[in-house]
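Q: Could you walk me through this one? I have the sequence and the coordinates open, and I'd like to go through it piece by piece.

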Amino acid sequence: MNRPLLSQKLSNLAAIVSIACLIATAFLPQVSRAEDRRPPNVVFFLVDDLGFMDIGANNPDTFYETPRIDELAQSGMRFTNGYAANPVCSPTRYSILTGKYPSRVDATNFFTGTRAGRFRPAPLNNRMPLEEVTLAEALKDAGYATFFAGKWHLGPSEEYWPENQGFDINRGGHNAGGPYSGNRYFSPFKNPRLEDHGEGEHLPDRLATEAAAFIADHQDQPFLAYLSFYSVHTPLMGRPDLVKKYLAKAERLGIADREAFGEEEQVFPSAKSSTRRVRTLQNHAVYAAMVEAMDQAVGKVLDQIESLQLRSNTIVILTSDNGGLSTSEGSPTSNLPLRGGKGWVYEGGIREAFLIRAPGVTESGSTNDTPVCSIDFYPTILDLCGQDLPSDRVVDGQSLRPLLNGQPLDRQSLFWHYPHYSNQGGFPGGAIREGDWKLVERYEDGRVHLYNLAQDIGERNDLAAKHPERVTEMRSRLHDWYVDVDAKFLREKDGKQPWQPKQ
C-alpha cells in the first residue's frame with residue numbers, strides 16, 4: 001500500500017479513537033454524578049424506654065452490654081444533650097414523625113393515659129391526626145420506599161396505623177403500647193400486623209429480620225426503614241440464655257444482692273407515703289438481657305447495610321422515646337446521676353441516647369453537647385435527603401445539619417409540657433432549657449425550680465431563689481410558648497382548682 005495513504009488512514013483512525021475517548025471521558029463522570037445524586041437511604045432505630053445511661057457510649061460503667069450501638073456511636077455523632085419531646089412514649093413518637101411539639105394537638109400523654117391525681121389531667125388527643133404530613137409521607141412523595149416495624153401506639157384504630165400514615169409496609173405496628181398479646185416477646189405474638197411463624201421466635205430479632213429483608217428488597221431505590229422496637233418496654237421478659245449470663249455477671253461483680261433503691265418524691269394523693277422507690281443500681285438481669293437482645297437486633301440491620309454495600313449512602317439514627325423506667329413497673333434500670341426516669345420532666349425522663357451517622361457529613365467518633373430534641377429529626381432527615389419542609393405546615397424542630405458539620409445551631413430554648421400524672425409517679429409539669437440552665441414548673445401549684453445542669457446534672461440544687469431575674473425571664477418565655485402551642489393544663493377536681501399560667 002502507498003505509505004502516504006497508510007499514514008493518512010492511521011492518522012484518521014487515531015483521531016477517531018481520540019474523539020471516542022473524549023466522549024467516553026465526558027460521559028463516565030456524568031454517570032458517576034448521576035449515581036451520587038441518588039438520595040440517601042434512612043434507617044431509623046427507635047428503642048422504647050431505653051435510658052440515657054443504659055448504653056456503653058454514654059456510660060462506660062453500665063451493667064448492660066451494647067457493643068453494636070456503641071459501634072454506631074463511634075461511627076457518627078453522639079449528642080450528649082439529646083432529648084425526647086415528652087417523658088412518655090406516644091407524644092415523642094408524634095414529634096419524631098411530624099417535627100412538632102405534641103402540645104400543638106394535645107397529644108401530651110401516652111395514648112389512653114387519663115390518670116387523675118389531686119386534679120384531673122389536661123384533655124388528651126389519643127391519635128396522630130391524619131392531616132399531618134408525616135416523615136414517611138414526605139419521603140414517599142420523593143420516591144422513597146417506606147417500611148415500619150414494631151411499636152406504633154399513635155392511634156386507636158386501623159385508619160391511624162402506619163400503612164395509613166405513609167408507610168408502604170407495616171410489620172407489627174398497631175394501637176398497643178407493648179407486646180401484650182400471645183406470648184408477648186416470644187411467638188406466637190398474635191399481633192394483628194405481624195404474622196406468626198411458629199413458636200419461640202424472639203420479637204426484637206424478628207423485627208430486625210423483617211427490616212433487613214426490606215432493605216435487601218429495596219436496595220436499588222431510596223428507602224426509609226423505621227424500626228421501632230417494642231423493647232425494652234415491659235413486660236420484663238428476656239431470652240433465657242442472656243438472663244443466665246447477667247445473673248452470673250451480677251454475682252461476679254458482687255452486686256446481685258446489693259441494695260438497689262433509694263427514695264424519690266411522690267405526688268399521688270392516695271399513696272401511703274410522700275416518697276416512692278427509685279432504682280439506684282443497674283443490676284436487673286432480665287432487663288440487661290432485653291437490652292442486649294435489642295442491641296443484637298440493631299446489629300443485624302447494620303450488618304445488612306454493610307453486606308449490601310449501602311453504608312456510604314445510608315443515614316442511620318438511633319434514639320429512645322423517653323427515659324429509662326426507674327420508679328415503677330419493676331423499676332428495672334437506674335438513670336443515675338440523672339434524676340427520675342420515664343414519666344418525669346427531670347433529666348432521667350427526657351434525656352436520651354441520640355446518635356446520627358450521616359455519611360459524608362458526620363465525623364466518626366464526634367460528640368456534640370448542644371441541646372437537641374426529637375422534634376429535630378424530621379427537618380434534619382428531610383434536609384439530609386435534599387427535600388424541602390412542607391410549606392403549609394408548622395415545624396417546630398430545626399435541621400441539625402449545622403451541628404453535624406461542626407457549626408453552631410441558632411436556637412435559644414427547648415420546651416416540655418406534661419400536664420398529666422404519670423404512671424411512674426412523676427408530677428404534672430413543664431420545663432424550659434437554655435444553655436446550661438433548666439427551669440421546671442409544677443402545674444399543681446405553680447412552683448418553679450432552677451437548675452444549672454453543667455454543675456448539677458442530678459437536679460438537686462434549686463437555684464431559683466438565687467437567680468430571680470433568670471427565673472422571671474425563662475418563665476416568661478415558657479409561658480409565651482404555652483400560648484404559641486395552645487397548651488392545655490390541669491382541670492378542677494372535687495371543687496378544687498389547680499394553678500393556671502397567666503395568659
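Q: Let's start with strand pairing. What stands opposite Val43 in strand 6?
A: Ala225 is the residue in strand 6 that stands opposite Val43; bear in mind throughout that this is a predicted model. The pairing belongs to strand 1 and strand 6, which run in the parallel sense and share five bridges.

Q: And how many bridges link strand 4 and strand 6?
A: Strand 4 and strand 6 are joined by six bridges, again in the parallel sense, and one of the paired positions is Ala145, whose bridge partner in strand 6 is Phe223.

Q: Is strand 6 mostly covered or mostly open?
A: Strand 6 is mostly covered, with six of its six residues buried. The covering applies to both faces, since Phe223, Ala225 and Leu227 are buried on one side, while Leu224, Tyr226 and Ser228 are buried on the other.

Q: Why do the residues split into two sets like that?
A: Side chains in a regular strand alternate between the two faces of the sheet.

Q: OK, the core. Which residues touch the most other members in the largest nonpolar core?
A: Those are Val43, Phe45, Ile215, Leu227, Val301 and Leu318, out of the 52 residues that make up the largest nonpolar core. Elements that each supply at least two residues of this core include strand 1 (41-47), helix 2 (67-74), strand 4 (145-150), helix 5 (203-217), strand 6 (223-228) and strand 9 (314-320). Helix 7 gives the most to this core, namely eleven residues.

Q: What does Leu318 touch, leaving aside its neighbours within four places in sequence?
A: Leu318 is in contact with Phe45, Val47, Ile69, Leu72, Val298, Ala353, Phe354 and Leu355.

Q: Back to helix 7: at what angle do helix 5 and helix 7 pack?
A: Helix 5 and helix 7 pack at about 10°, and their axes are 9 Å apart. With that angle, helix 5 counts as roughly parallel to helix 7. On the helix 5 side the meeting residues include Pro204, Ala208, Ala212 and Ile215, and on the helix 7 side they include Ala293, Ala297, Val301 and Ile305.

Q: Switching topic, why call helix 3 largely enclosed?
A: Helix 3 (residues 89-98) is largely enclosed by the rest of the structure because ten of its ten residues are buried. Among the buried residues are Cys89, Pro91, Arg93, Tyr94 and Leu97.

Q: What covers the buried residues of helix 3?
A: The cover includes strand 1, helix 4 (135-141), strand 6, strand 9 and helix 9 (377-384). Just after helix 3 comes Gly99, which has a positive phi near 75°.

Q: Where does Asn322 lie?
A: Asn322 lies in the loop between strand 9 and helix 8 (347-350), and with a relative accessible area of 0% Asn322 is buried. The side chain of Asn322 reaches the backbone nitrogen of Cys89 at 3.3 Å. Not counting residues up to four places away in sequence, Asn322 also touches residues including Asp49, Asn86, Pro87, Lys342 and Glu352.

Q: What about Thr62, buried or exposed?
A: Thr62 has 9% relative accessibility and therefore counts as buried. Thr62 sits in the loop between strand 1 and helix 2, where its side chain reaches the backbone nitrogen of Tyr64 at 3.2 Å. Setting aside neighbours within four places in sequence, Thr62 is in contact with Met53, Asp54, Ile55, Gly56 and Gln282.

Q: Last topic, further along the chain. In what order are the strands of the four-stranded open sheet?
A: The order is 13-14-15-16, with antiparallel pairing. Strand 13 (414-418) and strand 16 (448-452) are the edge strands, each pairing on one side only, and neighbouring strands of this sheet are turned by 15° against each other on average, with direction ignored.

Q: How many bridges join strand 15 to strand 16?
A: Five bridges join strand 15 (residues 437-442) to strand 16, and one pair is Lys438 with its bridge partner Tyr451 in strand 16.

Q: And which strands does helix 11 touch on that sheet?
A: Helix 11 (residues 468-485) packs on the sheet and touches strand 13, strand 14 (429-434), strand 15 and strand 16, with its direction making about 65° with that of strand 15.

Technical notes: Residues are numbered from 1 along each chain as its sequence is written. This is a predicted model: local features need pLDDT of at least 70, side-chain atom pairs count only at pLDDT 80 or more; totals for chains, interfaces and linings use all residues. Side-chain values use heavy atoms; hydrogens and water are left out. Two strands pair if DSSP finds at least two bridges between them. Axes are lines fitted to C-alpha atoms, for helices over the stretch in contact, and angles run from 0 to 180 degrees between N-to-C directions. Contact means heavy atoms within 4.5 Å. A nonpolar core is a set of buried Ala, Val, Leu, Ile, Met, Phe, Trp, Tyr and Cys residues joined through side-chain atoms within 4.5 Å. Buried means under 20% relative accessible area, exposed over 50%, partly exposed in between (1.4 Å probe, protein chains only). A polar contact is a pair of N or O atoms within 3.5 Å; within protein, one must be able to donate a hydrogen and the other to accept it, and residues adjacent in sequence count only if both atoms are side-chain atoms. Angles under 35 degrees count as roughly parallel, over 145 as roughly antiparallel, 65 to 115 as roughly perpendicular and the rest as oblique.
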